[in-house]
2 protein chains.
Amino acid sequence: MKAIILFGHGARDPRWREPFDRLAELWRQQHAETPVELAFLEMMQPSLEEAVASLSTQGATQITVVPVFFGQGGHLRNDFPVLLDACRAKFPAVTLSATPAVGEDLAVLQAIVDFGARKT
Amino acid sequence: MKAIILFGHGARDPRWREPFDRLAELWRQQHAETPVELAFLEMMQPSLEEAVASLSTQGATQITVVPVFFGQGGHLRNDFPVLLDACRAKFPAVTLSATPAVGEDLAVLQAIVDFGARKT
């Protein structure tokens, strides 16, 4: 079974995660056949490993991790591959793949431009 | 004259800003009549104040600041209003307004969901 993890940075303020909760809710409404979990790099739970464990328990064998970051800096270039490899070692029955950051996607950038245009 | 500032967090890795440069470029292609500047909270230039100064010099009198953040945590709830007020005090001839974070926009979230769906 396929599954998806929406992976964000995390922040101290619990309200920071609201858009992430909304993202997961949108995903569930539109792609109910593909379980989704959020995961955070720091300051919020669950961790990537906890999210993989949860989806694996639900029967996921192929998990795609989508970094919900704009830019690919040190977190995505250095920290994230290490976390991903640790999860691969810990869950050998699960195939884990990662997409580029959502900020690399032209449609996401266009949605931001359109948002700015509506507000200007 | 109206103008827009796309305001991001900033990061140590200079490659982190690539999506922001792409955003500004898209904006210029599609909304050439409304000057755009990037600005960053920390670790990257220009600052919000430098971006407002630059646009003001170009003749901008109404500037909309769009926080290119997913979540509204401490940075947007605490640091950003202080920066904005400092700019208002320093540039009294410019009307500065701010939108919610782009992560509050349903179309932006939908574009992220669609990206995930294409990659899963």
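Helices (H or I, at least four residues) and strands (E, at least two) are DSSP runs, numbered from the N terminus. The model is predicted, so local features need pLDDT of at least 70 and side-chain atom pairs count only at pLDDT 80 or more, whereas totals for chains, interfaces and linings use all residues. Residues are numbered from 1 along each chain as its sequence is written, and chains are lettered from A and ligands numbered from 1 in the order in which they are written.

**Exercise 1. The loop between β2 and α2**

Task: Determine where B:P46 lies and which geometry the peptide bond from B:Q45 to B:P46 has.

Solution. B:P46 belongs to the loop between β2 (36-40) and α2 of chain B. The bond that joins B:Q45 to B:P46 is cis, with omega near 0°. In chain A, the bond from A:Q45 to A:P46 is cis, with omega near -5°, and A:P46 sits in the loop between β2 (36-40) and α2 (48-57).

The loop of chain B between β2 and α2 also holds B:M43. B:M43 is not a glycine, yet has a positive phi of about 70°. There are 14 other C-beta atoms within 10 Å of B:M43, which is therefore partly exposed. By definition, a residue is buried if 20 or more other C-beta atoms lie within 10 Å of its own, exposed if 12 or fewer, and partly exposed in between, with C-beta atoms placed from the backbone.

**Exercise 2. The fold of chain A**

Task: State the order of the elements of chain A, and compare the radius of gyration of chain A with that of a compact globule.

Solution. Chain A has four helices and four strands. From the N terminus on, they run β-α-β-α-β-α-β-α. For 120 residues, a compact globule would have a radius of gyration near 14 Å, and the 15 Å of chain A agrees with this; the radius is taken over C-alpha atoms, and the globule rule is 2.2 Å times the number of residues to the power 0.38. The C-alpha trace spans about 50 × 35 × 30 Å along the principal axes of chain A. Of the 120 residues, 42% count as buried.

**Exercise 3. Helices α2 and α3 of chain B**

Task: Describe how α2(B) passes α3(B) and which residues meet.

Solution. The axes of α2 (residues 48-57) and α3 (residues 74-90) of chain B come within 10 Å and cross at roughly 35°. Such axes are lines fitted to C-alpha atoms, for helices over the stretch in contact, and angles run from 0 to 180 degrees between N-to-C directions. The crossing of α2(B) with α3(B) is right-handed, meaning that the near helix is turned clockwise from the far one by less than a right angle (anticlockwise would be left-handed). B:L48, B:E49 and B:V52 of α2(B) meet B:L83, B:A86, B:C87 and B:K90 of α3(B); contact requires C-beta atoms, placed from the backbone, within 7 Å.

**Exercise 4. The two copies**

Task: Find the operation that superposes chain B on chain A, and the element of chain B with the largest share of the side that touches chain A.

Solution. A rotation of 180° with 0.0 Å of shift along its axis superposes chain B on chain A (RMSD 0.0 Å), by least squares on the C-alpha atoms of residues with pLDDT of at least 70 in both. The copies are thus related as by a two-fold rotation axis. In chain B, the C-alpha of B:V108 is nearest the axis, 3.0 Å from it.

In the interface, 46 residues of chain B are in contact with 47 residues of chain A. The largest share of the side of chain B, twelve residues, comes from α4(B).

Note on methods:
Two residues are in contact if their C-beta atoms, placed from the backbone, lie within 7 Å.
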